[in-house]
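Biologist: I'm new to this one. Could you put it on screen and walk me through the terms as they come up?

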Amino acid sequence: MRTMALVVGGLSATALAVLLAVGGARGQAQHTKTAADSVTAPAISDTGALKGPRQPIFFRHDIHAGQFKMQCQYCHYSVAVSPEPGIPSMQTCMGCHLVVSGSDSAAKTEIKKVRQAWTDKKPVEWVRVHYLPRHAHFPHQRHIKALGPNACTTCHGDVSRMPQVFKVNNVDNMGFCITCHVERKVARDCSVCHY
Ligand code: HEC
Ligand code: HEC
Ligand code: HEC
Ligand code: HEC
Ligand code: HEC
């Protein structure tokens, strides 16, 4: 009891809410009719068929942001204040995964890798899905301020339904940038985006 209390004491409100939901949502999914707004992430047997680059750990946005409704900014913490959205540190993951070990063998295997990376103090080398060439720059914070905190889907598609992130919209193509800047009457001088 004492160790459990210590562990729980270190968790954020989000982490705690998610942990309380785990037993229910994951365990009863097959038996209970799901409410209209709730999403149960599907079991996936063939990861080779998924779109997007394969990651060193099978981290699923459809489980974290979809089924457990974690806010994007819980992990991409600097998206509204910096050009870079931020990729979460292992510490963010371990806030839950010290406790959550996975409900089936696929999840257990992948979560073991998360814990191993933490023990070895080796940050996971995620494969980038989007990136611009160095002569162009994209400030996330300006866009989130102008388009709102839920604008992620405008450029990235519905990531909360993606088991593995893939690129939609040619989001890192100049034509995509310009089309919206024209529509919104935003600056289009070359020097706005190019160094
Ligand atoms: C707020 C709590 C929370 C945080 C933070 C969190 N997770 Fe999870 N994670 C969960 C829950 C709940 C599950 C579902 C476990 C289950 O299957 O029972 C899960 C499942 C997983 C799985 C197994 C997925 C599968 O295939 O079923 C992996 C891998 C994983 N998380 C990695 C991560 C990584 C990496 C991070 C940090 C970037 C992270 N998690 C952050 C709660 C969290
Ligand atoms: C539990 C933490 C967590 C949450 C919540 C989360 N993400 Fe992520 N996200 C990650 C991690 C870790 C990666 C790197 C691995 C990968 O690409 O799956 C990532 C990668 C991405 C990428 C690909 C970045 C690139 O170009 O390489 C996008 C886009 C993204 N997230 C958008 C979102 C959006 C939109 C939401 C909310 C709907 C969200 N994320 C919620 C942890 C999280
Ligand atoms: C107007 C389009 C647009 C919007 C809106 C947008 N992004 Fe992005 N995002 C991009 C582009 C373009 C890149 C590639 C940037 C680069 O390479 O410098 C990117 C890259 C990323 C990355 C990868 C960064 C890295 O360091 O690996 C993450 C994570 C991400 N976005 C998350 C989000 C989240 C979360 C939101 C919503 C809160 C969001 N984005 C809203 C266009 C957008
Ligand atoms: C969905 C619409 C949309 C898309 C797509 C979009 N932008 Fe923007 N962008 C905006 C808006 C709106 C602003 C104005 C923000 C403000 O007023 O601060 C803006 C502002 C900017 C600024 C700052 C302009 C200044 O005056 O300093 C830069 C730089 C920029 N965008 C680059 C890009 C790049 C690069 C891309 C493509 C990778 C892109 N944008 C895609 C809507 C968009
Ligand atoms: C709203 C942002 C934005 C504006 C404004 C903009 N660009 Fe771009 N441009 C980009 C992005 C992002 C890329 C990289 C993706 C690509 O190659 O399509 C790019 C790529 C390019 C490339 C291709 C370079 C290569 O590697 O092949 C050239 C050339 C270019 N821009 C010239 C211009 C000129 C000239 C202007 C002014 C008339 C301009 N751009 C205005 C965002 C912008």
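Modeller: Sure, and keep in mind that this is a predicted model. Around ligand 4 there are 20 residues, and the closest are F138, R142, A146, C177 and C180.

Biologist: What makes a residue part of that shell around ligand 4?

Modeller: Its C-beta atom has to lie within 6 Å of the molecule. Two or more such residues come from each of α7 (140-147), α8 (152-156), α9 (174-183) and α10 (190-193). With five residues, α7 gives the most.

Biologist: And what is the shell around ligand 4 made of, by class?

Modeller: It has 13 nonpolar, three polar and four charged residues.

Biologist: Which residues are closest to ligand 5?

Modeller: Those are A136, M174, C177, C190 and C193, out of 14 that surround ligand 5. Both α9 and α10 give two or more, and α9 gives the most, with four.

Biologist: Now the largest nonpolar core: why is it called a core?

Modeller: Because its members are buried nonpolar residues joined through C-beta atoms within 7 Å. There are eight: A15, V18, A41, I63, F68, C93, C96 and V114. At least two come from α2 (13-28), and at least two from α5 (90-97). Farther along the sequence than four places, V18 is in contact with F68, M70 and C96.

Biologist: How do you know that the buried residues of α5 sit on the same side?

Modeller: The buried ones are C93, G95 and C96. They cover an arc of only 145° around the axis, so they end up on the same side of α5.

Terms used. Residues are numbered from 1 along each chain as its sequence is written. Chains are lettered from A and ligands numbered from 1 in the order in which they are written. This is a predicted model: local features need pLDDT of at least 70, side-chain atom pairs count only at pLDDT 80 or more; totals for chains, interfaces and linings use all residues. Ala, Val, Leu, Ile, Met, Phe, Trp, Tyr, Cys and Pro count as nonpolar, Asp, Glu, Lys and Arg as charged, and the others, Gly among them, as polar. A residue is buried if 20 or more other C-beta atoms lie within 10 Å of its own, exposed if 12 or fewer, and partly exposed in between; C-beta atoms are placed from the backbone. Two residues are in contact if their C-beta atoms, placed from the backbone, lie within 7 Å. The arc is that of the directions from the helix axis to the C-beta atoms.
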